[in-house]
Amino acid sequence: MKLTPILAILAIAVFTAGCTSEPPVGPPKVTVTGVAVSDLSLESMDLVVILAVDNPNPIEVTISKVELDVSYSKDRAEVLLGSGTAGPIIVPASNRTEFTVPITMDNAAMLSAAAILLLSGELEVKAEGMATIDAGVASFDVPFEKTENVVVRD
């Protein structure tokens with residue numbers, strides 16, 4: 001019968017531990033807010049992808065790494081324009097952080113895309129990737145994707 005008080009204490013400890021725990025940490029939302037030409041000439045074209053991370057958590061999170069690819073369609077096939085990486089980036093608790101990721105371009109694809117952009121004034125590109133986010137008690141791989149028209153501004 002000495003087991004009953006021990007079980008009662010254990011049950012109370014488990015119950016109160018569940019009541020005092022922090023709310024669960026969820027994955028932040030990663031959104032592509034834009035793709036822009038940062039420089040365009042006959043010899044080169046530079047792109048940046050603008051990302052926004054919305055952190056709904058009561059703690060700050062760290063984007064340890066972002067990897068993304070930018071492509072465009074040519075003759076019904078996806079052509080990789082280039083890739084980019086960023087990180088680490090701190091996102092404060094219950095906050096939104098925007099940052100840019102420079103894209104390293106493939107020369108052959110860049111020349112073809114630059115020609116389309118110079119002739120028509122716009123190019124439809126797709127930015128897609130993955131953000132690895134560390135929230136201390138949990139980590140998340142958050143995918144993102146967006147297709148957008150990139151235009152040349154005067």
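Here is a walk through the salt bridges in this structure, which is a predicted model.

Searching the whole structure turns up five salt bridges. Let's begin with D54 and R96, whose side chains meet with N and O 3.1 Å apart. D54 sits in strand β2, which covers residues 45-55, while R96 belongs to strand β6, residues 95-105, so this pair ties together parts that lie 42 residues apart in sequence. What about exposure here? D54 is partly exposed, with a relative accessible area of 24%, and R96 is partly exposed too, at 42%.

Next, have a look at K65 and E67. These two form a salt bridge whose closest N and O atoms are 3.2 Å apart. K65 comes out as partly exposed, with 39% relative accessibility, and its partner E67 is also partly exposed, with a relative accessible area of 41%.

Now move along to K146 and E148, where the side chains meet in a salt bridge with an N to O distance of 3.3 Å. Is each partner buried or partly exposed? K146 is partly exposed at 31%, whereas E148 has a relative accessible area of 18% and is buried. That label follows because buried means under 20% relative accessible area.

Finally, back to where we started, since D54 and R96 have company: salt bridges with shared partners join D54, R96 and E98 into one network. When you click on the D54 and R96 pair, then, keep E98 in view as part of that network.

Key: Residues are numbered from 1 along each chain as its sequence is written. This is a predicted model: local features need pLDDT of at least 70, side-chain atom pairs count only at pLDDT 80 or more; totals for chains, interfaces and linings use all residues. Side-chain values use heavy atoms; hydrogens and water are left out. A salt bridge is a side-chain nitrogen of Lys or Arg within 4 Å of a carboxyl oxygen of Asp or Glu. Helices (H or I, at least four residues) and strands (E, at least two) are DSSP runs, numbered from the N terminus. Buried means under 20% relative accessible area, exposed over 50%, partly exposed in between (1.4 Å probe, protein chains only).
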